[in-house]
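Biologist: Could you give me a close look at a single part of this model? Please take me through it in one go, and then show me what is around it.

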Amino acid sequence: MKRILAACWIVVALFGATKEEDEMVLVRITKDIPYIYVDHKGTKIKVMRIQDPGHLLLDDYSKTSRPCPPFCIHPISVDKRIKTIATVEMIEFMRDKVNSGKGFVIDARLPHWYELETIPSAINLPFTLLEKGDKEVAKKLFKLFGMEVKADGSWDFSKAKELAIFCNGVWCDQSPRLIRQLLKYGYPADKILYYRNGMQGWKLLGLTTVVEKGKVKK
Amino acid sequence: MRKIVVALIMGGLLAWGMSDKELAININLAGKQRMLTQRMAKDLLMVVAGIKSQEAKEDLRSSMELFDRTIKGLMQGDKGLGLVASKEQNVQEQLKKVYSLWLPFKERVERILSGNYSKEDVAYIKEHDLKLLEEMNRAVGFLVESGKASKAQKAQAINLAGKERMLTQRIAKDLLLLHLDPNSKEAKADLQESMALFERILKGLQHGDKELGLAPTQAPWIVAELQRAQEMWEEFKARVQKAKSKEDLAKLMEMSDALLAQMNKITKMYEAIYNRRKKIASINSIVNEFVEEKEGQKHVINLAGKQRMLTQKMSKEALLAALNQGSQQNLGQLRSDMELYDRTLQGFKKGDAELGLSATTNPEVLAAIQQVEQLWNPFKEHVERFLAQGSVKDLGYIVAKNEELLKRSNDLVQTFKRAYPTEGLMDESRREIVDIAGRQRMLTQKMTKEKLLVMLGVNPEENKRKLQETIALFDRSLHDLIHGNQERLLAKPSNKAIIQQFRKVETLWKQLKPLYEKDQLSDAEKELLMKGNVLLLKEMDKAVVLCESATEY
Amino acid sequence: MGRIWIVALMAVLALGGEDLKVKITEDLPYVDVEVNGKIVRIQRIQDTNHKLRNSYIRTSRPAPPFYVQRFQPVEGVETIGELELLDFLQKKVNLDEGLLIDARMPQWFKQGTIPGAVNIPFSLFYSNRYTDRILSHLGVKIENGKRDFSNATELVIFDNGPWCQQAVREIKNLVQLGYPKEKIHYYRGGMQYWQILGLTTLKPE
């Protein structure tokens with residue numbers, strides 16, 4: 001499986017897989033989605049599930065009992081205004097929003113976690129950035145997300161991107177904290193999605209992850 | 001919304017004319033009537049003593065109306081209260097007795113409420129409220145008994161926690177009586193008795209009391225509420241000692257109501273545990289019944305599938321017997337196969353405890369069985385005659401008709417599948433798997449039969465073609481079973497035991513397949529084939545059982 | 001005496017809760033639920049190195065048929081998480097005001113379930129012969145073949161987890177029968193998330 005994906009996607013153009021290849025996928029994401037392609041730091045990544053039905057998740061994401069506090073179980077919802085999504089919605093978000101430039105997948109964890117392993121197409125926005133920052137930091141950040149500053153100095157979010165935010169999983173507080181900060185500085189709630197299952201949920205379904213700048217994890 | 005509450009002591013209540021729930025409502029409301037007798041007496045004394053008399057009056061009126069409606073409802077039924085009239089004679093008689101006590105009581109309460117009353121009216125209430133309580137208590141007892149009460153400790157906890165409600169009101173009433181007549185020995189004695197009983201029950205609920213039939217309460221959420229009640233009670237007791245003024249008394253009345261509310265809450269918690277346990281027991285028994293029925297249906301489909309195999313095995317054994325000049329072993333196999341086929345077919349129709357079959361009433365299934373029988377009866381006759389005489393004519397019939405019998409046997413399998421629908425993709429997939437794997441058993445026998453026909457030179461070209469088809473079908477199906485096939489709804493197995501079993505079949509098949517395909521076989525090879533096909537059938541059967549029963553496919 | 005003893009016991013238990021290294025949330029060390037006459041304590045496995053090692057770490061069950069469920073597969077039926085389920089156990093189930101339903105087939109249920117759950121396999125609601133009998137225990141009044149759902153019990157329904165169809169099928173069936181959507185909640189995480197969080201499971205007797 002440790003192959004260089006660039007070579008792979010020359011053969012199979014974006015979304016242009018042949019019918020036979022679709023049918024070969026025994027472990028599909030949904031009925032209609034056998035896999036998707038996304039861009040991760042300039043590399044096309046095929047996101048699909050591990051095809052061996054006997055495969056087990058054995059790494060640290062199968063740990064049950066990280067100490068609580070601080071790794072406590074979190075409610076299903078961060079905030080009444082924020083929609084919680086699951087893996088299917090996350091995949092659709094990547095296909096429909098990220099691939100068309102309308103949205104970003106945000107990894108809210110600290111950089112060394114992000115570098116270790118993350119979801120393809122995710123960009124890293126550590127939760128600490130806004131917690132330690134101020135309105136100026138928020139302004140700079142929001143501009144990167146498509147927010148515009150009007151002549152009178154007010155912030156216009158009409159072109160701001162949608163964000164799907166995750167961290168390690170249901171026992172991780174980093175994405176809830178980031179979401180609260182975004183709301184505090186006025187990012188529109190209807191443009192934020194909370195992917196609560198996070199890395200753990202992603203890996204429990206055997207979905208492709210990337211390590212070390214865009215390489216697919218074996 | 002008020003939750004519908006609940007039974008006191010209930011055992012197997014179904015024997016009675018009412019449902020569990022209806023009886024529970026009756027017992028609860030009848031039990032509540034006990035409390036109301038004391039509450040009315042208390043309110044009335046508050047009116048007389050001039051303590052919060054306006055509130056007391058309102059409360060008295062609503063208590064009176066509730067008592068009146070409930071007693072009528074218990075006698076005649078009341079949809080709004082959820083009451084169904086009891087059909088038990090002793091219950092009805094006791095209720096009538098209560099009612100005849102109630103009417104004069106009610107009359108006087110109404111007079112006191114109107115403000116136009118005499119000393120005699122008050123005296124009447126004071127004298128009769130306990131009598132009314134006693135008779136109502138008896139009615140509750142009859143109701144509980146009619147439900148064939150169990151003496152379970154939990155039920156006793158519900159009963160006694162419920163009784164505490166009444167005691168809160170009785171204590172309050174006694175306090176008022178003492179206030180109105182500080183020298184009354186009766187009132188003093190009654191107060192002491194009521195308080196002692198209240199305290200004992202409260203303690204018993206917390207720590208257990210063998211004499212009262214109480215076990216210590218374990219549920220932490222009830223323990224916490226009992227502790228709260230205990231605290232309230234300690235404070236109440238302390239204030240009773242110091243009570244002097246009307247204001248003190250008014251405060252005590254308030255506290256007794258708070259204690260009533262607390263005991264009411266606790267009673268409901270006990271009732272909840274009790275009801276929940278009963279509810280779960282009922283649900284479990286319905287689910288068990290359902291599961292047993294489903295298991296039975298699965299078994300039927302498996303047996304029906306096996307019938308297909310038997311049609312081919314019979315033909316194979318008959319041919320082998322002919323080839324081996326009436327081999328007793330083959331004839332014996334043929335006989336037992338025939339008997340099993342016959343018995344199973346009859347079992348589908350009339351039931352067969354040993355085979356785990358129950359009689360069918362489904363008309364579609366019966367029609368399909370009849371279709372099979374039309375073919376089977378003459379077929380069986382020929383098999384029997386072949387067994388007795390070994391004539392080539394009968395063998396010819398068996399060879400000519402076995403595939404038609406196979407087809408009808410398969411129709412019966414499909415009819416059973418339609419009659420016993422499955423639910424859920426996995427179930428459907430699993431059933432397909434069991435069907436295909438089950439069919440493989442038949443194919444082992446069919447191809448052996450066809451091989452024998454070729455070897456015997458019976459329509460060699462046609463049978464060769466058929467044999468090739470059968471081999472190809474077996475090959476393809478085995479491949480799909482091992483690797484999965486989405487179009488055929490066959491999931492790829494991930495259960496290790498199933499995978500291993502399929503591999504075993506595959507290994508065996510790899511050795512046998514060339515023999516089926518080879519034109520000329522040596523005697524050793526013939527023997528290998530004849531032994532091998534039986535082994536293949538056995539291993540395939542094991543795979544079917546695993547596919548059918550393993551939790552994770 | 002007795003009272004002192006019980007107070008002391010409560011103190012010890014409370015202390016025990018404080019002592020837990022792996023709590024459910026900071027303020028919630030454990031939850032007690034009544035199961036068949038016994039109090040069962042739901043807490044998390046305390047070994048911080050413990051890893052889940054049963055079939056629930058399988059990543060790739062074949063799909064079909066094990067398609068992953070959407071976050072909210074049935075519109076109007078709320079999806080809940082572990083904390084909401086535990087709250088439901090404490091505030092509803094223990095007071096008989098709600099029912100926690102394991103919708104899986106019995107052979108799954110028997111291998112271990114969430115304490116306090118009752119097994120009603122999803123396929124039961126396809127069978128007319130059993131449907132009304134079960135519904136009558138879920139607060140549904142049935143008179144002359146008509147179903148009155150106004151006092152229907154609040155339900156939380158779960159199965160193996162996000163890749164399992166059984167709970168969703170049960171929910172769809174109940175909704176089709178007329179069960180009010182607002183009285184049904186879906187615990188999507190199911191047995192998989194329950195166990196990956198090291199929460200107590202129970203083998204039914």
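Modeller: Here is a walk around one strand, followed by its wider setting.

First, some bookkeeping: this is a predicted model, where local features need pLDDT of at least 70, side-chain atom pairs count only at pLDDT 80 or more, and totals for chains, interfaces and linings use all residues. Residues are numbered from 1 along each chain as its sequence is written, while chains are lettered from A and ligands numbered from 1 in the order in which they are written.

The part I'd pick is strand 9 of chain A, residues 192-195. (Strands are DSSP runs of E with at least two residues, helices are runs of H or I with at least four, and both are numbered from the N terminus.) Ile192(A) and Tyr194(A) point one way, Leu193(A) and Tyr195(A) the other, and all are buried, meaning that 20 or more other C-beta atoms, placed from the backbone, lie within 10 Å of a residue's own. In a regular strand, side chains alternate between the two faces of the sheet.

Now the neighbours. Strand 9 of chain A pairs in the parallel sense with strand 3 of chain A over three bridges, and Thr84(A) stands opposite Tyr194(A). (Pairing needs at least two DSSP bridges between the strands.) Strand 8 of chain A, residues 162-166, also pairs with strand 9 in the parallel sense over three bridges, with Ala164(A) opposite Leu193(A). Strand 8, helix 7 (residues 174-184) and strand 9 of chain A make a right-handed β-α-β unit: with the strands pointing away from you, the path from the first strand over the helix to the second runs clockwise.

Strand 3 also leads us out to the next chain. The contact between chains A and C takes 38 residues from each, where residues are in contact if their C-beta atoms, placed from the backbone, lie within 7 Å. On the chain A side, strand 3 (83-85), helix 3 (87-98) and helix 8 (198-204) each supply at least two residues. The largest share, three residues, comes from helix 3. By class, that side has 21 nonpolar, ten polar and seven charged residues. (Ala, Val, Leu, Ile, Met, Phe, Trp, Tyr, Cys and Pro count as nonpolar, Asp, Glu, Lys and Arg as charged, and the others, Gly among them, as polar.)

Chain B touches chain A too, with four residues from each. The chain B side divides into no nonpolar, three polar and one charged. Chain B itself has 15 helices and zero strands.

Definitions and conventions. Contact = placed C-beta atoms within 7 Å. Buried ≥ 20, exposed ≤ 12 C-beta atoms within 10 Å, placed from the backbone.
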